[in-house]
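Biologist: I have a new model open and would like to understand one part of it properly rather than skim the whole chain. Please pick a region where strands and helices come together, and walk me through it slowly, residue by residue where that helps.

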Amino acid sequence: MSGDLGAAIVGCGVIGLNHARAIARTEGIRVTALVDVEAAAAEALAQGVAGEGGGRPRAFDDLGSALAAGGVDLVVICTPSGLHAAQAEEALAAGAHVLVEKPLDVELPRARRILDLARRHPDRVVSVMSQHRFDPAAEVVARTVRAGGFGRITGAVATVSWWRSQQYYDSGRWRGTWRLDGGGALMNQGVHTVDLLLWFLGRPVEVAASVARMAHDGIEVEDVAAATVRFASGALAVLHATTAAYPGIGTRVQVHGTLGSAVIHDDRLEYFHALEETDLADGSGARDQSAEVVDAEHVRGGARDADAFVRGHARQYADVVAAIRARVQPAVRVEDALAALALVRSVYVSATLARPVPFDDVLEGAYDGLDPVVRALAPEEEVP
């Protein structure tokens, strides 16, 4: 494949804009089409893309028309979460590669269909936006875990302490619904942190959870979720996500082992220590090694530019472009996104049953009938 890859962005809201900016910073790809049921949104983003120097993409009101027009190698799905799987299926059926904004979908059965399609089309790259795996802080922690630098991993604490106003939920009829948001603070705001937890600790075994709606009206989903997760390694983790923590104090992931620990706070390394010869037996002599394992801008408290969020997306775009060129699998595969979705669903199922649930049973469909998303889909309602 020669020349730049052509990308069609489906969904031209704020997330679509972020993807357009990331593509503009990535070599070997450009936006050739924009798709949105709201013509004004597509036209506005088209002007923005042209302003980035990438040429003016064509605007369409449906994905089928964009694919039929040609020039689309990669379909980027940035629509409400409940539409992801159907649009990914349409893109794959047309022979395109696919990148889905998190989560893969809101419903496990539909997400499993995407996995099946991806396996039946190994020549296609299918990835889900998990940009925090490409953050330098996360990469160094993952490498250290895999190299045994922290010893035996004993546990982790992952928390997303955000605030979303009532106005946020009132701004769109799809927000806070099971059908299109697929869940609340954990699904919508916390799924990236769930993904990092899985990347660091491996496969879950059992989940025990509770959820609550504490600070918002008129929504179907939770604004607080808390869970304990037991992993196949024996490690235990605490998972917490909320949009009811005024004024919002960020995201934090702690990883602990018998030879070291690390803390990532808002994508930057707050603490890192792996055992040194100078360590005292009781651990009191341990020092923070953060500045030695990542550049200063990736240490918490260091200077950070306003484009950090977009640059995170651009790192994953570079991986996707390289995978398409080399005809290999991307760093983030459908299996990874399906596991993250299944862990979120495990939290909801456990909260519904008020007891622990086996992760594999949820992943494989044993509890699909209890899934609140499935219940919300019957009877079918018009998509807002």
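Modeller: Happy to! Two strands are said to pair if DSSP finds at least two bridges between them. Strands β2 and β3 meet that condition with three bridges, and they run in the parallel sense. Please keep in mind that this is a predicted model. One bridge to look for in this pair links Val35 to Phe60, its partner in β3.

Now step back to the sheet around that pair. It is an open sheet of six strands with parallel pairing, and reading across it gives the order β3-β2-β1-β4-β5-β6. At its two edges are β3, residues 58-60, and β6, residues 126-128, each of which pairs on one side only. From one strand to the next, the twist averages 25°. As a general reminder, the strands of a sheet pair through backbone hydrogen bonds, which may be parallel or antiparallel in arrangement.

The other neighbour of β2 is β1. Strand β1 covers residues 5-10 and β2 covers residues 29-35; six bridges join the two, and they run parallel. To see how these strands line up, start at Gly6, which stands opposite Arg30 in β2. Then move to Ala7, whose bridge partner in β2 is Val31. In a regular strand the side chains alternate between the two faces of the sheet. Strand β2 is also mostly covered, as six of its seven residues are buried.

What links β1 and β2 in space? Together with helix α1, they make a right-handed β-α-β unit. Helix α1 spans residues 14-24 and lies across β1, β2 and β4, the last of these being residues 74-77. Its direction makes an angle of about 165° with that of β1.

Next, turn to α4, a helix that also packs against strands of this sheet. Which residues of α4, residues 84-93, are buried? They are His84, Ala85, Gln87, Ala88, Ala91 and Leu92. Viewed down the axis of α4, these buried residues fall within an arc of 165°, so they line one face of the helix. A general point helps in reading that pattern: an α-helix has 3.6 residues a turn, so residues three or four places apart point the same way. On the face turned away from the buried side of α4 are the exposed residues Ala86 and Ala93.

And what covers the buried residues of α4? The cover includes strands β1, β4, β5 (97-100) and β6, along with two helices, α3 (63-69) and α5 (108-120). Among these strands is β6, which is also an edge strand of the sheet. Just after α4 comes Gly95, a residue to check in your backbone plot, with a positive phi of about 90°.

If you want a route through the viewer, begin at the edge strand β3, cross to β2 by the bridge between Val35 and Phe60, and go on to β1 through the Ala7 and Val31 pair. From there, follow α1 as it lies across β1, β2 and β4. Finish at α4, with its buried residues lining one face and Ala86 and Ala93 exposed on the face turned away.

Key
Residues numbered from 1 in each chain as written. Predicted model: local features only at pLDDT ≥ 70, side-chain atom pairs only at ≥ 80, totals over all residues. Heavy atoms only, no water. Helix = DSSP H or I, 4+ residues; strand = E, 2+ residues; numbered from the N terminus. Axes fitted to C-alpha atoms, helices over the stretch in contact; angles between N-to-C directions. Contact = heavy atoms within 4.5 Å. Buried < 20%, exposed > 50% of the residue type's maximum accessible area, 1.4 Å probe, protein only. Right-handed = clockwise from strand over helix to strand, strands pointing away. Arc of directions from axis to C-beta.
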